[in-house]
Amino acid sequence: RMLDMGFIPDIKRILAMLPKERQSLLFSATFSEEIKKLADVMLKSPQLIEVARRNTVSDTITHRLHMVASDHKRHLLLHLLKRSPDMQVLVFVGTKFGTSRLASWLERQGINADAIHGDKSQQQRTEALEAFKSGKARVLIATDVAARGLDIDDLPHVINYELPHTAEDYIHRIGRTGRAGKKGDATSLVAPEEKFRLADIEKLIKFKIEQEEVADFDVHAFPAEREERGERGERSGRGHGHSHRERERHGPKAPVRLPETSAHIPSVPRPPKPVATGGFDASQPYEPAPLSAEAAAKATEKAEAPPRKPLRPVAALLGGLGKK
């Protein structure tokens with residue numbers, strides 16, 4: 001995945017600096033045809049060694065899924081965390097923004113959580129991972145790329161808050177638990193719009209993931225996330241960040257029609273407008289008053305006055321203006 005993200009030029013530069021006679025090894029949890037072609041280019045007569053059948057998951061991992069609407073995922077996650085208060089959990093989210101947002105929300109609910117993703121520095125990632133390993137942070141929320149190569153001893157539970165876009169990433173994610181023959185649990189929160197991703201995952205791992213109902217979780221006890229988002233937006237003036245998602249999910253909003261004026265406002269006769277002193281009526285268009293005889297004579301005299309003599313040209317710099 002790192003090579004796919006644009007690190008191939010860096011690898012090629014490193015290989016160019018190494019001696020031609022060398023031994024190189026390439027490791028990957030999943031070995032697609034693209035990876036095999038890449039190995040043939042970068043390695044010299046590579047020998048393929050497989051310790052397990054391709055794209056298989058550990059037999060010590062228990063898989064389950066909960067069907068839940070996207071708007072209620074975080075409430076279900078909180079419910080599962082409170083149901084097992086002593087269990088550490090690694091949660092995978094699809095985006096960096098979603099990772100930070102979910103970690104902040106869990107912190108507000110009283111859950112010690114930290115986030116690890118690509119926008120954080122190496123020091124911040126190391127501190128978050130160490131806090132999780134030491135138990136200071138109970139929940140670690142990560143993206144796919146940031147979670148590559150994480151080795152956490154005795155990690156009991158991995159939760160897919162959002163299913164990965166690539167089926168192979170599911171194997172990478174749940175591979176953080178059930179390591180070295182130990183038991184682990186992999187739980188996926190699947191929204192209806194993610195069913196096609198679930199089908200790809202089940203096709204890859206060659207078995208169907210068991211669906212379980214959370215009997216003590218009532219979705220009606222929690223407000224929908226989009227409603228809470230709208231309330232926060234009204235308070236902060238930023239309530240339109242996800243309006244396009246709502247339009248995609250529910251379609252455009254129907255236009256609001258207000259009732260006729262006569263339907264809700266009683267008809268009350270208006271009082272006559274007062275007329276100012278001097279006969280001026282503010283409700284009538286303005287008309288100028290006729291000029292007096294003296295004012296009319298001055299206007300006529302001004303209009304018939306001879307035109308003014310043009311000004312004489314004034315000398316300018318460097319020679320002035322010449323006369324014809």
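A polar contact is a pair of N or O atoms within 3.5 Å. Keep that cut-off in mind for the close-up views below, which come from a predicted model.

**View 1. Ser-134 in helix 5 and its link to Ala-131.**
Let's start with Ser-134, which has its place in helix 5, residues 122-134. A polar atom of the Ser-134 side chain lies 3.1 Å from the backbone oxygen of Ala-131. Is Ser-134 buried or exposed? Its relative accessibility is 58%, so Ser-134 counts as exposed.

**View 2. His-157 in strand 5 and its surroundings.**
Next, meet His-157, a residue of strand 5, which spans residues 157-160. With a relative accessibility of 8%, His-157 counts as buried, because buried means under 20%. Which side chain makes a polar contact with the side chain of His-157? The partner is Thr-187, at 2.8 Å. Thr-187 also appears in a longer list of residues in contact with His-157, which leaves aside neighbours within four places in sequence. Also on that list are Arg-64, Met-87, Gln-88, Val-89 and Leu-90, together with Thr-177 and Asp-185.

**View 3. Helix 3 packed with helix 4.**
Two packed helices are described by the angle between their axes and the distance between the axes. Here, helix 3 (residues 73-83) packs with helix 4 (residues 96-108) at an angle of about 50°, and the axes are 11 Å apart. That angle makes helix 3 oblique to helix 4. The crossing of the two helices is right-handed. Which residues make the contact? Helix 3 brings Arg-74, His-75, Leu-77, Leu-78 and Leu-81, while helix 4 brings Leu-102, Trp-105 and Leu-106. Sorted by class, the contact of helix 3 with helix 4 has six nonpolar residues, one polar and one charged.

**View 4. Helix 6 packed with helix 7.**
For the last view, look at helix 6 (residues 167-174) and helix 7 (residues 195-205), whose axes are 8 Å apart. The angle at which helix 6 and helix 7 pack is about 70°. Helix 6 and helix 7 are therefore roughly perpendicular to each other. On the helix 6 side, the contact is made by Ala-167, Glu-168, Tyr-170 and Ile-171. Facing them in the contact are Asp-200, Ile-201, Leu-204 and Ile-205 of helix 7. How many nonpolar, polar and charged residues does the contact of helix 6 with helix 7 have? By class, there are six nonpolar, no polar and two charged residues.

Terms used:
Residues are numbered from 1 along each chain as its sequence is written. This is a predicted model: local features need pLDDT of at least 70, side-chain atom pairs count only at pLDDT 80 or more; totals for chains, interfaces and linings use all residues. Side-chain values use heavy atoms; hydrogens and water are left out. Helices (H or I, at least four residues) and strands (E, at least two) are DSSP runs, numbered from the N terminus. Buried means under 20% relative accessible area, exposed over 50%, partly exposed in between (1.4 Å probe, protein chains only). A polar contact is a pair of N or O atoms within 3.5 Å; within protein, one must be able to donate a hydrogen and the other to accept it, and residues adjacent in sequence count only if both atoms are side-chain atoms. Axes are lines fitted to C-alpha atoms, for helices over the stretch in contact, and angles run from 0 to 180 degrees between N-to-C directions. Angles under 35 degrees count as roughly parallel, over 145 as roughly antiparallel, 65 to 115 as roughly perpendicular and the rest as oblique. A crossing is left-handed if the near helix is turned anticlockwise from the far one by less than a right angle, and right-handed if clockwise. Contact means heavy atoms within 4.5 Å. Ala, Val, Leu, Ile, Met, Phe, Trp, Tyr, Cys and Pro count as nonpolar, Asp, Glu, Lys and Arg as charged, and the others, Gly among them, as polar.
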